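Visitor: I am new to this structure and would like to be led through it step by step. Could you show it to me before we begin?

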Amino acid sequence: MTQTFRNKPAAHIHKDIMESQEGNNMAMTFIPDAELLPTVVVNAKLSREEKHDEENIIGLTNLDVTKSIGETDANLDAIIAHYAQTITKYNMRNLGYPTNQDFNYEALAPLLQFHLNNAGDPFLGSSFSLNSMAFEVSVLDWFAKLWEIEKNEYWGYVTTGGTEGNLHGILAGREQLPDGILYTSQDSHYSIAKIAKMYRMKCVKVDSLLSGEIDCVQLEASLLAHKDKPAIINLNIGTTLKGGIDDLDLVIQTLNKCGFTRDRFYIHCDGALFGIMLPFIKQAPRISFKKPIDSVTISGHKFLGCPSPCGVLITRLKYMNALSRDVDIIASRDATITGSRCGHAPIFLWYALKKRGLIGLENEVHECIMKAHYLLNLLRDAGIGAMLNKFSNIVVFERPLDDHFTRRWNLASNKNTAHVVVLKHVTVEMLDSFVREFTEKQSIWYKDEQFQPPCIANDVGSRNCACSIHNLSRNC
């Protein structure tokens, strides 16, 4: 599906998106240019409107609780209303971070009057009756089916997010292979290095290709250099910055080629964003427990959208004896990273999956990818270097010159590049406004030729770079 948009003009993709949304009865919301976000500015002059918004943030007072002797409901309501207004403005240009904001859980509001706690093993329940473990198991069964593992062969739980899923998955690997070495790519999420430090594991960082995926040639060399030790592999099903997808099948071939038998390697798949998207894309790499993988994690708040961070971890049931013990006080088994666990999160996930259904999720995946191609073509048509990986909704481009613009659009950036993550809440109008403003700002940043657009060839490849050198070479 994604290939059909690669060479289409942005206007044609725009038409496809609008027709697709009309067919699915999905309306887009226009975001007026006048609505500005409060920002942090470095070396940039603020307009009067932008200064007003910045003062709005600074004006969020009366938050100190150390001297509080009790506040009136009216004052508390005013503070919350002011804060809601502030973050609503932020959300109007929320482009750079994978948190889908297009959700509505008002139907679940009656549950907010209860403390729901899922401490313990969701499959065993606990003596604390105010839990949502029935919802949790329903969610876990859904993901187990998605990733092709039988009910009697898997174990899992709803986590606080992708990092906790990584913590659990890699811990399971370490318990199975106590002297194993952790291998991960340079483009892996920052939590992986932190986890290696917490668990005091030897960690080998492997170079990445320009796409962001792990370089299996260097992985092979690293595996052969440490052939006497088992391998615990962290694979990225979509890297944080570029959306690069590690080639699972090639990694398995590399392990076999290097002489690692099945009992000497453990594969954890960090699928924070793409773990739920790829199964709905034809020809996309399959994430399946029918392959020799051992754990998969996703973040629930990224693609699905949730008011609070959450995630899902699925692993093989046979590993759990080494990770769990019975706890009398909760009449359950302690098998999770955290003890008390939010009981509302599984209900949010259950509600999102139940309401959308498989067809709704598939439509959303394809809509996001279509809009990502639309943004890619908009940027390139404007002379801005940009890259979009296959099966990805993350558009990488040259980093804006000043921090004010970056923060205004809530962009994530690293060195010379930044990115936009196109999720359901990101409208065509938002993308049009973003690129239009980007090009207007560029005409100011580069007008006296003191500054030039950065060369991003080393980050995304020369064919995706629009700097003067690579533009010139293409035009020759």
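Guide: Two strands pair if DSSP finds at least two bridges between them, and helices (H or I, at least four residues) and strands (E, at least two) are DSSP runs, numbered from the N terminus. The model is a predicted one, in which local features need pLDDT of at least 70, side-chain atom pairs count only at pLDDT 80 or more, and totals for chains, interfaces and linings use all residues. Residues are numbered from 1 along each chain as its sequence is written, and side-chain values use heavy atoms, with hydrogens and water left out.

Visitor: What is the bridge partner of Ala 231 in E5?
Guide: Strand E4 (residues 231–236) and E5 run parallel and are joined by 6 bridges. Within this pairing, the partner of Ala 231 in E5 is Phe 265.

Visitor: How many of the 6 residues of strand E5 (residues 265–270) are buried?
Guide: Buried means under 20% relative accessible area, exposed over 50%, and partly exposed in between (1.4 Å probe, protein chains only). Phe 265, Ile 267 and Cys 269 point one way from E5, while Tyr 266, His 268 and Asp 270 point the other way, and all are buried. Strand E5 is therefore largely enclosed by the rest of the structure, the count of its buried residues being 6 of the 6.

Visitor: Which helix gives the most to the largest nonpolar core?
Guide: A nonpolar core is a set of buried Ala, Val, Leu, Ile, Met, Phe, Trp, Tyr and Cys residues joined through side-chain atoms within 4.5 Å. Of the 75 residues in the largest one, Phe 143, Ile 267 and Phe 303 touch the most other members. With 11 residues, the helix that gives the most to this core is H9 (residues 344–381).

Visitor: Is Asp 121, which meets Arg 333 in a salt bridge, buried or exposed?
Guide: A salt bridge is a side-chain nitrogen of Lys or Arg within 4 Å of a carboxyl oxygen of Asp or Glu, and the side chains of Arg 333 and Asp 121 meet in one at 2.4 Å, N to O. The pair links distant parts of the chain, 212 residues apart, with Arg 333 in strand E9 (residues 332–334) and Asp 121 in the loop between helix H3 (73–91) and helix H4 (133–146). Arg 333 has a relative accessible area of 17% and is buried. Because the relative accessibility of Asp 121 is 0%, Asp 121 counts as buried.
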